[in-house]
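Work through the exercises below with the model open. Each one sets a task and then solves it step by step.

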Amino acid sequence: MSALDRFETFMEQLVERSMARLFRSPIQPAEIARRLERAMESHQTISVRRVIVPSRYQVLLHPDDAVVLRPLRSEVERELATYLTELAEERQFVMLEPPRVALADDDTVPRRSIQVLVNADAPVGERESTQRFTATIQRAHLAVQRAGARQTIALAATTITIGRGLHNDIVLEDDRVSRRHAQLRYHARQFWLSDAGSMNGTYVNGAVITELALSDGDTISLGGLELTFHEA
């Protein structure tokens, strides 16, 4: 059983004990877990022998959303921390200390939204190492020529979905692009491009691919829409 499966099983049991309260909430714990997973993936510090991820997370919710979870806060925080521990083990990530998750109210957060702060109270050295890694991946970008203008798209996370659907990290409004077309993933100091079951295929330098490590200057075709990968 994966970490997410185990977490969702626990939350189902918790729902049984507090069913009416949780079903009134517009924010479900599984949504928070997925946002924490994305935050962990996006803040890796890669060294020669290990990949370090943050251990401290703060989840901000609008007060009207948070009030429903408030009676269960300590249980949800504890279980979310356990989930992150198991997720890190599954992906062979290293945490410098046991993870901590804190749920907090913030009236600047829109209703039905979740914001995650990473390492907000971590030691300075740990924050700086994460910031250095984030700056490293932000030097990579995709370039696309459309309507006579060149658009640059920064790659500012370690997992990036690409497609026509609005749920993607990079949205490309082109009929040749599938709703969920491809995924970029930063691993072992490289960006890897994989096809996500697209209708018209994913190509790199003219060859169809299932998954491939990208190099600076590679030409990517998503069903015929061309982009160029650049890495400084």
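**Exercise 1. Determine how strands E9 and E11 pair, and place them in their sheet.**

Solution. Step 1: Strand E9 covers residues 159-163 and strand E11 covers residues 182-187. Strands (E, at least two residues) and helices (H or I, at least four) are DSSP runs, numbered from the N terminus. Two strands pair if DSSP finds at least two bridges between them.

Step 2: E9 and E11 are joined by four bridges, in the antiparallel sense. Thr161 stands opposite Gln183 in E11.

Step 3: The open sheet has five strands, ordered E10-E9-E11-E12-E15, with mixed pairing. E10 (170-171) and E15 (211-213) are the edge strands; each has a single partner strand, so one side of each has no neighbour in the sheet.

A note on the model: it is predicted, local features need pLDDT of at least 70, side-chain atom pairs count only at pLDDT 80 or more, and totals for chains, interfaces and linings use all residues. Residues are numbered from 1 along each chain as its sequence is written, and side-chain values use heavy atoms, with hydrogens and water left out.

**Exercise 2. Find the aromatic pairs and classify their geometry.**

Solution. Step 1: Apply the rule. Rings of Phe, Tyr and Trp (its six-membered ring) pair if their centres lie within 6.5 Å; planes under 30 degrees apart count as stacked, over 60 as edge-to-face and the rest as tilted. The count comes to two aromatic pairs.

Step 2: Tyr186 and Phe191 have ring centres 4.9 Å apart and planes at 65 degrees, so this pair is edge-to-face.

Step 3: Phe191 also pairs edge-to-face with Phe229, at 6.0 Å between centres and 65 degrees between planes. This pair links distant parts of the chain: Phe191 sits in strand E12 (residues 190-195) and Phe229 in strand E17 (residues 225-231), 38 residues apart.

Step 4: Tyr186, Phe191 and Phe229 form one aromatic cluster. Check burial (buried means under 20% relative accessible area, exposed over 50%, partly exposed in between; 1.4 Å probe, protein chains only). Tyr186 is buried at 8%. Phe191 is buried at 0%, and Phe229 is buried at 0%.

**Exercise 3. Describe the largest nonpolar core.**

Solution. Step 1: Such a core is a set of buried Ala, Val, Leu, Ile, Met, Phe, Trp, Tyr and Cys residues joined through side-chain atoms within 4.5 Å.

Step 2: The largest has 30 residues, and Leu36, Met40, Tyr57, Val59, Leu80 and Leu84 touch the most other members. Elements that each supply at least two residues include helix H1 (3-17), helix H3 (29-41) and helix H5 (73-90). H5 gives the largest share, seven residues.

Step 3: A second, separate core holds 24 residues, among them Ile153 and Ile220.

**Exercise 4. What is the charge environment of Glu77?**

Solution. Step 1: Glu77 is found in helix H5.

Step 2: Glu77 is buried and has no salt bridge. A salt bridge needs a side-chain nitrogen of Lys or Arg within 4 Å of a carboxyl oxygen of Asp or Glu. Arg73 is the nearest side chain of opposite charge, 4.6 Å away. Lys and Arg count as positive and Asp and Glu as negative; His and the chain ends are not counted.

Step 3: Leaving aside neighbours within four places in sequence, Glu77 is in contact (heavy atoms within 4.5 Å) with Val101, Ala102 and Leu103.
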